[in-house]
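Subject: Structure for your files, with notes

Hello,

Here is the structure I promised to pass on. My notes follow below it.

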Amino acid sequence: MAASILGRCWGSLLAQRCRTGDVPVLHNGQTWRRAQAPGSIASGRRAGNSPAGERGVAPWVAVVGLEIHAQISSNSKLFSGSQVQFAAPPNSLVSFFDASLPGTLPALNRRCVEAAVMTGLALNCRINKKSLFDRKHYFYADLPAGYQITQQRLPVAVNGSLSYSLCVGGKKNQMVTRTVRIKQIQLEQDSGKSLHDDTRSQTLIDLNRAGVGLMEVVMEPDMSSGEEAAAAVRELQLILQTLGSSQAIMAEGQLRVDANVSVHHPGEAYGVRTEVKNINSARFLARAIDYEIQRQIKELENGQTVMNETRAFDYKLGCTIPMRDKEGKQDYRFMPEPNLPPLILYDSKSLPANMNHQQVVNIDWIRERLPDLPSVKRVKLVEQYGILPEHSFTLLNEDGLMEFFQNVVRQTQMNPKKVIGWILNDMLCYLKQHNLTVKESPVSSLLLADLLNLLERGAISSSAAKQVFEELWKGEGKTPLQIVKEKKLELIQDQQEFEQICQAVMEGHQEEVMEIKKGNRKVLNKLIGLVQRTTRGRADPVLVKQILEKRLSQ
């Protein structure tokens with residue numbers, strides 16, 4: 001309780017500093033500089049040095065490493081048969097082992113092992129055929145046993161890599177691919193959950209989560225900004241969801257990120273790092289890391305020291321706040337788990353002939369059944385449909401959007417390059433505005449395909465198609481053709497009627513006509529828009545342009 005009170009006090013102090021903007025703000029690629037007024041000379045000092053040791057400003061280099069806890073998608077917990085279910089009534093899914101009653105023993109969940117191996121293979125890791133379980137001792141109210149079963153000495157997977165892409169450049173229109181090394185993937189138990197009731201000054205314990213299987217993915221400090229870290233986490237999230245090894249829903253705590261952040265000058269040793277704990281959103285992760293980088297730079301440039309501490313991110317204030325210091329290294333008293341033998345995995349070569357295949361985990365069997373990973377799917381989308389690489393990222397990043405796009409393409413005669421425009425500019429925009437998922441969309445892939453077919457056949461104009469899409473979004477059960485007939489949105493086919501409308505628009509806007517005749521061709525688009533407005537979108541823009549140009553040349 002004292003820690004939470006201290007955190008709130010520090011939080012209010014930092015909130016004032018956040019509001020005044022008293023932090024370094026300029027990020028330049030992989031280096032950070034303190035913002036200066038034009039013509040001013042900034043000085044940089046080593047932490048702890050006196051002001052007399054001033055020198056010219058050097059760019060700061062940020063170093064970011066991540067520890068990611070992914071909840072394994074399994075019906076039961078890692079070492080017990082208790083069910084795993086989000087938002088179940090408190091303490092309703094707790095076995096004797098989860099509550100750490102005397103005499104209970106762990107029984108390893110095969111599904112969790114297979115999920116860890118599958119994830120390791122997808123992340124290019126070396127799978128250890130022999131891995132060990134350890135006890136990590138620490139006291140906390142939501143850890144009944146007083147220790148966590150983890151894999152400190154010999155984890156299930158090591159030495160992997162994750163490639164991810166992000167947009168760079170002034171307009172964020174350049175895609176670059178970067179790689180972060182994976183140090184290890186280890187199996188471990190989750191703890192319970194402490195629910196703090198400040199009004200009653202008490203803490204309640206829910207053990208439903210205690211013992212749920214986790215994969216801890218430890219990334220090397222190869223990143224240098226919040227944007228990179230967020231991109232790496234999103235890519236890992238997609239991989240886990242593609243594999244089915246974790247649902248990785250961050251809002252439900254199924255993917256939690258701890259970020260280790262430090263700064264230093266080029267050529268110097270890494271600085272003191274801080275750890276920002278339990279971030280459950282990629283967007284908040286980027287904000288937390290970037291703020292922490294700026295905060296550390298300010299501390300060092302003011303001649304102060306960066307504390308080795310654990311911090312939390314307050315998303316409302318946009319600041320990190322202290323939780324506890326780590327100057328005195330905690331002794332977790334790691335020891336081998338006496339109740340679990342070594343975990344032995346096999347491949348096709350080492351699998352004994354007389355071994356029951358149902359009782360072992362075969363690495364090669366899992367490798368052969370790996371699905372196409374997101375990177376492979378993106379390449380296939382670009383090659384098959386001719387779309388831009390950045391469009392393939394959007395299709396995969398939104399759950400169900402790739403399948404929706406492919407269904408529309410199969411049911412329409414429209415070029416996929418045009419279809420992607422409707423998917424990203426219209427469909428996705430409406431979904432974001434109404435905070436809906438693709439599966440919740442009132443416009444099905446069949447309805448959108450029917451609409452695009454009408455547009456492709458020349459039955460309606462693009463502006464009329466937008467009106468039809470807006471009507472479809474109301475979810476009244478009408479087809480695009482029914483809406484077109486009710487609203488009378490069919491293209492005008494009568495050439496003479498077209499001519500009369502264009503003539504009337506020109507006569508009513510003589511100033512624009514004179515501008516065009518003087519050589520200002522951009523004004524022609526205004527006349528086309530006026531014709532479209534007059535016809536309520538029933539005019540073919542190409543035909544309108546031809547008629548207007550013909551009459552203007554007379």
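Throughout these notes, two residues are in contact when they have heavy atoms within 4.5 Å. The model is a predicted one, and what follows was computed from it.

Ser 245 is a convenient place to start. By the contact cut-off, and leaving out residues up to four places away in sequence, Ser 245 touches Gln 71, Ile 72, Ser 73, Arg 111, Ala 115, Thr 119, Met 215 and Leu 240. Ser 245 sits in the loop between α3 and β15, the latter being residues 255-264. Its relative accessibility is 0%, so Ser 245 counts as buried.

The chain as a whole

The chain has 554 residues, and 47% of them are buried. It contains 16 helices and 20 strands. Of the contacts with a separation of 6 or more, 68% are between residues 24 or more positions apart.

Cores

The largest nonpolar core holds 71 residues, and within it Leu 66 and Val 117 have the most contacts. Not counting residues up to four places away in sequence, Leu 66 touches Val 217, Val 218, Met 219, Met 223, Ala 229, Val 233, Val 257, Asp 258, Ala 259, Leu 285 and Ile 289. There is also a second, separate core of 41 residues, with Leu 401, Val 408, Ala 449 and Val 484 among its members.

A buried arginine

Is Arg 295 buried or exposed? Its relative accessibility is 8%, so Arg 295 counts as buried. Arg 295 belongs to helix α4, which spans residues 282-301. Beyond residues up to four places away in sequence, Arg 295 touches Thr 274, Val 306, Glu 309, Arg 311 and Thr 320.

A three-stranded sheet

One open sheet has three strands in the order β9-β8-β19, paired antiparallel. Its edge strands are β9 (147-150) and β19 (335-336), each of which pairs on one side only. Strand β8 covers residues 134-137 and is joined to β9 by four bridges; one bridge partnership is that of His 137 with Tyr 147 in β9. Two bridges join β8 to β19, and Arg 135 stands opposite Met 335 in β19.

In a regular strand, side chains alternate between the two faces of the sheet. In β9 both faces are covered: Tyr 147 and Ile 149 lie on one side, Gln 148 and Thr 150 on the other, and all are buried.

Phe 334 lies in the loop between β18 (319-325) and β19. At 35% relative accessibility, Phe 334 counts as partly exposed, because that class runs from 20% to 50%. Leaving aside neighbours within four places in sequence, Phe 334 is in contact with Asp 134, Arg 135, Lys 136, Thr 150 and Gln 152. Phe 334 and Gln 151 are 183 residues apart in sequence, yet their C-alpha atoms are 9.8 Å apart in space.

The second largest pocket

Rolling a probe the size of a water molecule over the atoms shows where empty space is left. The second largest pocket has a volume of about 1,200 Å³. Its lining consists of 33 residues, and those nearest the centre of the pocket are Gln 237, Gln 241, Asn 397, Glu 398 and Asp 399.

Which helix gives the largest share of the lining of the second largest pocket? That is α3, with five residues. The elements that each supply at least two residues are α3 (226-243), α4, α6 (374-385), α7 (389-397), α8 (401-410) and α9 (416-433). By class, the lining comprises 15 nonpolar, nine polar and nine charged residues.

Regards

Methods
Residues are numbered from 1 along each chain as its sequence is written. This is a predicted model: local features need pLDDT of at least 70, side-chain atom pairs count only at pLDDT 80 or more; totals for chains, interfaces and linings use all residues. Side-chain values use heavy atoms; hydrogens and water are left out. A nonpolar core is a set of buried Ala, Val, Leu, Ile, Met, Phe, Trp, Tyr and Cys residues joined through side-chain atoms within 4.5 Å. Buried means under 20% relative accessible area, exposed over 50%, partly exposed in between (1.4 Å probe, protein chains only). Two strands pair if DSSP finds at least two bridges between them. On a 1 Å grid over the protein atoms alone, a cavity is a set of points where a 1.4 Å probe fits but cannot get out, and a pocket is an open set with protein on both sides within 12 Å along at least five of seven lines; lining residues have an atom within 4 Å of a point. Grid points are joined across faces, edges and corners, and a volume is the space filled by probe spheres set on the points. Ala, Val, Leu, Ile, Met, Phe, Trp, Tyr, Cys and Pro count as nonpolar, Asp, Glu, Lys and Arg as charged, and the others, Gly among them, as polar.
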